[in-house]
Every structure is written in structure tokens, then in C-alpha cells.
Amino acid sequence: MEIRAFFALALPGSVARWLADYADTLCQYDKQIEVNWVDAEFYHLTLCFLGDISLEQIDQLEGIARHKLSDVSSFQVHINTVGYYPVSQQLSVIAAMGQEDEELNSLNRGMMEIALEAGIEFKEEDFEPHITLGRLPAKNKFVPPPEWPSLDLFSLADSVILFQSKPGERGSIYTPLFEIPLQDMA
């Protein structure tokens, strides 16, 4: 049996609520009402999408991740940009991101290395860590604004979670499979 999985950072409720308010301001650009806006309770910062993995690989991923992340310290993620981009032939997203956040990019690379070490092959050429605010079909009439409304938010990256993703009636359903705390910043 295989499951769809990805590594992510959880977002505190206050950050999710702020992002939900921000996403509400973006609705004005959805003139054709094509965007399926994500509920704030499902917000997370995706670090690395693994695709389909076997149940056996979950234990392997956990062991490798616990070892590799044992000396990684927690850090503040600066969420300061929004973008619209296609993620596959079927899907595009509107996402909040941490532009040029070296600690976040380093964690992203580390999670990809962990996946490769566990024997998981995936394509992440254009992937950037992001928080999906809305999804829409890749072929759409959405016109991104020339300049997005400003975004300047911080969130603590204090643990990495492997989530299972299952299609649901109102979007994907995420189930945490394991969580690895990062070292306290103090």
C-alpha cells in the first residue's frame, strides 16, 4: 500500500488566522471564481512533497530524519512574498513564501536529502517551500496582480512533520504521521 506524503512545518493558530485574513484580500483577484481557497485550519508550510511512498518507508524516513535533524535549531521563518505558479499539468497555486530565507531553504534541501537517502525519488526542480492559500486548475483565467499586497509575517519553525495527504470532499485531508522537534533557539 502506498500513501501520498510530504514534509511540512506546522503554523501557529495566530499565523494561520493572519494568513486567512490576508487570503480574503486576495479574493478580489479571483474574478472568474476559479480559486479553491484553503481553510486556515489546513495551512502548513510545505518543505518537500514526496509523492507516493510505501508504509515501510515511513519508519525509514523517521529514523533518518531524527538523526539528521538532531542538531538543527528552531528558527524564525519570514513569510514575506506571495506568488502564483503552476505546480503540475493539472494544478496551480497561490502561495505565501519566505523569499530568500536561507534557513528555510537549507531545511528544504535537508528534507530532500533525507527522502533521497530513504530511496524516494521525486521531481522538485522548481519547488519552493510555501504555504498554499488557494488552488486552481492549471488551465485557468486567473490574472495575477502586477504587485501583490504586502506581506510581512514571522512564524517559528520548531518541528518538522511528515503528513499523509488524502483527497477529501472539500480539499485534501492531512494526517500527521510523525513529528520531529527542532532544538530550542534559547
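**Exercise 1.** Is Ile-79 buried or exposed, and what is its relative accessible area? Find the element that holds Ile-79, and list the residues that touch it from farther along the chain.

*Solution.* The model examined here is a predicted one. Begin with the place of the residue in the fold: Ile-79 belongs to strand β4, which covers residues 75–79. Next, compare its accessibility with the cut-off: a residue is called buried when its relative accessible area is under 20%, and Ile-79, at 0%, is therefore buried. Then turn to its surroundings, setting aside neighbours within four places in sequence: Ile-79 is in contact with Val-15, Ala-96, Met-97, Gly-98, Ile-131, Leu-151, Asp-152, Leu-153 and Ser-155. One of these partners, Ile-131, stands 52 residues away from Ile-79 in sequence, while the two C-alpha atoms are 9.1 Å apart in space.

**Exercise 2.** Describe the protein as a whole, taking the order of its elements, its dimensions and its surface in turn.

*Solution.* First count the elements: the secondary structure comes to 3 helices and 10 strands, and from the N terminus on they follow the order β-α-β-β-α-β-β-β-α-β-β-β-β. Second, consider the dimensions: the C-alpha atoms fill a box of roughly 45 × 40 × 25 Å along the principal axes. A compact globule of 186 residues would have a radius of gyration near 16 Å, and the protein agrees with this because its own value is 16 Å. Third, look at how the chain meets itself: among contacts with a separation of 6 or more, 79% join residues that are 24 or more positions apart. Fourth, turn to burial and surface: buried residues make up 46% of the 186 residues, and the protein exposes about 10300 Å², of which carbon and sulfur atoms supply 49%. Last come the charges, with 12 positive and 29 negative ones whose mean positions are 8 Å apart.

**Exercise 3.** Which residues of the largest nonpolar core touch the most other members, and which helix gives the most to this core?

*Solution.* The largest nonpolar core has 52 residues, and those touching the most other members are Phe-7, Leu-19, Tyr-43, Leu-47, Leu-50 and Leu-61. Helix α1, residues 13–26, gives the most to this core, with 7 residues. A second, separate core has 5 residues, including Phe-6, Ala-8, Ile-161 and Phe-163. To see the surroundings of one residue in detail, take Phe-7: beyond its neighbours within four places in sequence, its contacts include Leu-47, Leu-50 and Leu-61, as well as Met-111, Ile-114, Val-160 and Phe-178.

**Exercise 4.** Ser-92 and Ser-54 both lie in strands; state the strand, the accessibility and the contacts of each.

*Solution.* Start with Ser-92, which is found in strand β6, residues 91–97. Its relative accessible area is 0%, so Ser-92 is buried. Leaving out residues up to four places away in sequence, Ser-92 touches Tyr-84, Tyr-85, Pro-86, Val-87, Gly-134, Arg-135, Leu-136, Pro-137, Ala-138 and Asn-140. Continue with Ser-54, which lies in strand β3, residues 44–54. At 15% relative accessibility Ser-54 also counts as buried, and, with the same kind of neighbours left out, Ser-54 touches Met-1 and Glu-2.

**Exercise 5.** Where do Lys-139 and Ile-33 lie, and what is the sign of phi at Ile-33?

*Solution.* Lys-139 lies in the loop between β7 (131–137) and β8 (153–157), and with a relative accessible area of 77% it is exposed. Its C-alpha atom is separated by 9.1 Å from that of Pro-86, although the two residues are 53 residues apart along the chain. Ile-33 is found in the loop between α1 and β2 (36–37), and at 73% relative accessibility Ile-33 counts as exposed. For the backbone, recall that most residues other than glycine have a negative phi. At Ile-33, phi is near 50 degrees, a positive value.

**Exercise 6.** Is Ile-173 buried, partly exposed or exposed, and which residues does Ile-173 touch?

*Solution.* Ile-173 lies in strand β10, residues 171–181, and its relative accessible area of 45% makes it partly exposed. Not counting residues up to four places away in sequence, Ile-173 touches Gln-164, Ser-165, Lys-166 and Gly-168. As a last step, relate Ile-173 to Leu-153: they are 20 residues apart in sequence and 25 Å apart in space, C-alpha to C-alpha.

Methods: Residues numbered from 1 in each chain as written. Predicted model: local features only at pLDDT ≥ 70, side-chain atom pairs only at ≥ 80, totals over all residues. Heavy atoms only, no water. Helix = DSSP H or I, 4+ residues; strand = E, 2+ residues; numbered from the N terminus. Rg over C-alpha atoms; globule rule 2.2 N^0.38 Å. Buried < 20%, exposed > 50% of the residue type's maximum accessible area, 1.4 Å probe, protein only. Contact = heavy atoms within 4.5 Å. Areas by Shrake-Rupley, 256 points an atom, 1.4 Å probe, with all protein chains shown as cover. Lys, Arg positive; Asp, Glu negative; His and termini not counted. Charge placed at Lys NZ, Arg CZ, Asp CG, Glu CD. Core = buried A, V, L, I, M, F, W, Y, C linked by side-chain atoms within 4.5 Å.
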